Amino acid sequence: MMQFRRSSTRGRVDYGWLRCHHSFSFAEFHDPSWMCWGNLRAINEDRIAPGTGFDTHSHRDVEIVTYVVKGRLAHRDSLGHVHDVDPGKVQRLSAGTGVRHSEFNHDYVTRTHFLQIWLEPDRRGLAPSYEIQSVDVSGKRGQLRLLAAPGGERGALTVHADARIHAGLFDGDERARLTLASGRKGYVHLVRGDLIVNGHHLSAGDALAIENESLVEVWSGKDAEVLVFDLRA
C-alpha cells in the first residue's frame, strides 16, 4: 500500500522570519490523518530569514535530525556544543531527559533552508547527547546514502530509535533501490526536483508513505534530492 502526499496538503505557517511546512501534525497545524508514520513524528521544512532564528528552547524524549538544504544553521545547546550546520553536514540531537538549544541564521543575505526530522526514541529518559557528521555530496550521487541508524551502523549518525534515514541525489538514468523488511514502513520525502518513486511522480515537497511493500525504488530524477526512511511500524 502506498499513500501519495502532495506538498500542498502539508501544514503551512508564515511568520515572516520563518516559513515552514509541516508534514505531520505539529504546533498549530493539526491533521488527524497525519499524526505520524511509524515512529517518524515530524518533518518540518523550515526557511529562516537572514539574521533571525529560534531562541533557546527545550526538548525532551525525542531524536532530532537536522538536514540543511541551503545556507547555514548555527546550533548552540546546553550540552556545550556550538556548530554551524551546512549542506555538507548532518546533525543529531538526542533530547532524552532534557536539553536546551537555539538555531540561528547569521547570514544577512540568504535564507537558511533546512529540514528538521523528529523520531520517537526507543525509550524515554536517555541521557542527552549530540553528534554532527560531514556528508560528502559525491556519496549521495546516484545512491541512497545512510545518514542515521541505530548504533551508528555503517558509519552513520547514531539514533536511539528503530529507524534509518537515507539521502540521495538523482538525475537522468541514475536509479537506486532500498529493501524493506517484513513489517517495516517506508516514507519518501522529495526535498527538491522531480523523481519517480515506485511508479509515482514526485515533485519538490511531495511524499510517499509506504506500508506492506518490500521495496522502495527511485529513478528518472531531475535535479532530485530525496530522503528515504525505513521505519518501525
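**Exercise 1. Find what share of the contacts in this predicted model with a separation of 6 or more comes from residues 24 or more positions apart, then describe the overall build of the protein.**

Solution.

Step 1. Among contacts in the protein with a separation of 6 or more, 71% are between residues 24 or more positions apart.

Step 2. Turn to secondary structure. The protein has 20 strands and 0 helices.

Step 3. Compare the radius of gyration with the globule rule. The radius of gyration is 17 Å, close to the 17 Å that the rule gives for 233 residues, so the protein is as compact as a globular protein of that length.

Step 4. Add the dimensions and the burial. Along the principal axes, the C-alpha atoms fill a box of roughly 45 × 40 × 35 Å. Of the 233 residues, 53% count as buried.

**Exercise 2. Work out in what order the 7 strands of the open sheet are arranged, and which strands lie at its edges.**

Solution.

Step 1. Write down the order. The open sheet runs β2-β3-β4-β11-β6-β9-β12, with antiparallel pairing.

Step 2. Look for strands that pair on one side only. These are the edge strands, β2 (11-14) and β12 (129-134).

Step 3. Note the twist. From one strand to the next, the twist averages 15 degrees.

Step 4. Recall what holds such strands together. Strands of a sheet pair through backbone hydrogen bonds, either parallel or antiparallel.

**Exercise 3. Follow the sheet from β2 to β11 and state how many bridges join β2 to β3, β3 to β4 and β4 to β11.**

Solution.

Step 1. Start at β2. This strand is joined to β3 by 4 bridges, and the two run antiparallel. In this part of the sheet, Arg12 stands opposite His21 in β3.

Step 2. Move on to β4. Strands β3 and β4 pair in the antiparallel sense over 5 bridges. Leu18 stands opposite Ile48 in β4.

Step 3. Go on to strand β11 (residues 112-119). It is joined to β4 by 8 bridges, and the two run antiparallel. The bridge partner of Leu40 in β11 is Leu119.

Step 4. Check the cover of β4. Of its 9 residues, 7 are buried, so β4 is mostly covered.

**Exercise 4. Decide how many residues of strand β9 are buried, and list the pairings of β9 with β6 and β12.**

Solution.

Step 1. Count the buried residues. In strand β9 (residues 89-94), 5 of the 6 residues are buried, so the strand is largely enclosed by the rest of the structure.

Step 2. Take the pairing with strand β6 (residues 63-70). The two pair in the antiparallel sense over 5 bridges. Thr66 has Gln91 in β9 as its bridge partner.

Step 3. Take the pairing with β12. Here β9 pairs in the antiparallel sense over 6 bridges. Arg92 stands opposite Glu131 in β12.

**Exercise 5. Place Gln116 in its strand, and classify this residue as buried or exposed.**

Solution.

Step 1. Locate the residue. Gln116 is in strand β11.

Step 2. Apply the cut-off. Buried means under 20% relative accessible area. Gln116 has a relative accessibility of 7%, so it counts as buried.

Step 3. List the contacts. Leaving aside neighbours within four places in sequence, Gln116 is in contact with Ala42, Ile43, Asn44, Ile64, Val65, Thr66 and Glu103.

Step 4. Consider a position further along the chain. Asp46 and Gln116 are 70 residues apart along the chain, and their C-alpha atoms are separated by 7.6 Å.

**Exercise 6. Find how many aromatic pairs there are, and explain what the pair of Phe24 and Tyr187 ties together.**

Solution.

Step 1. Ring centres must lie within 6.5 Å to count as a pair. By this rule there are 6 aromatic pairs.

Step 2. Describe one of them. Phe24 and Tyr187 form a tilted pair, 5.4 Å centre to centre, with 45 degrees between the planes.

Step 3. Place both residues. Phe24 lies in the loop between β3 (18-22) and β4 (40-48) and Tyr187 in strand β17 (residues 185-197), so the pair ties together parts that are 163 residues apart in sequence.

Step 4. Check burial. Phe24 counts as buried at 0% relative accessibility, and Tyr187 is buried at 1%.

Step 5. Take a further pair. Tyr187 and Phe229 are edge-to-face, 6.3 Å centre to centre, with 65 degrees between the planes. Phe229 lies in strand β20 (residues 215-231) and Tyr187 in β17, so this pair ties together parts that are 42 residues apart in sequence.

Step 6. Assemble the cluster. Ring pairs link Phe24, Trp34, Trp37, Tyr187 and Phe229. Over the face of Trp37 lies Lys185, at 4.0 Å from the ring centre.

Note on methods:
Residues numbered from 1 in each chain as written. Predicted model: local features only at pLDDT ≥ 70, side-chain atom pairs only at ≥ 80, totals over all residues. Heavy atoms only, no water. Phe/Tyr/Trp six-rings, centres within 6.5 Å; stacked < 30°, edge-to-face > 60°. Buried < 20%, exposed > 50% of the residue type's maximum accessible area, 1.4 Å probe, protein only. Lys NZ or Arg CZ within 6 Å of the ring centre and 35° of its normal. Pairing = 2+ DSSP bridges. Axes fitted to C-alpha atoms, helices over the stretch in contact; angles between N-to-C directions. Rg over C-alpha atoms; globule rule 2.2 N^0.38 Å. Contact = heavy atoms within 4.5 Å.
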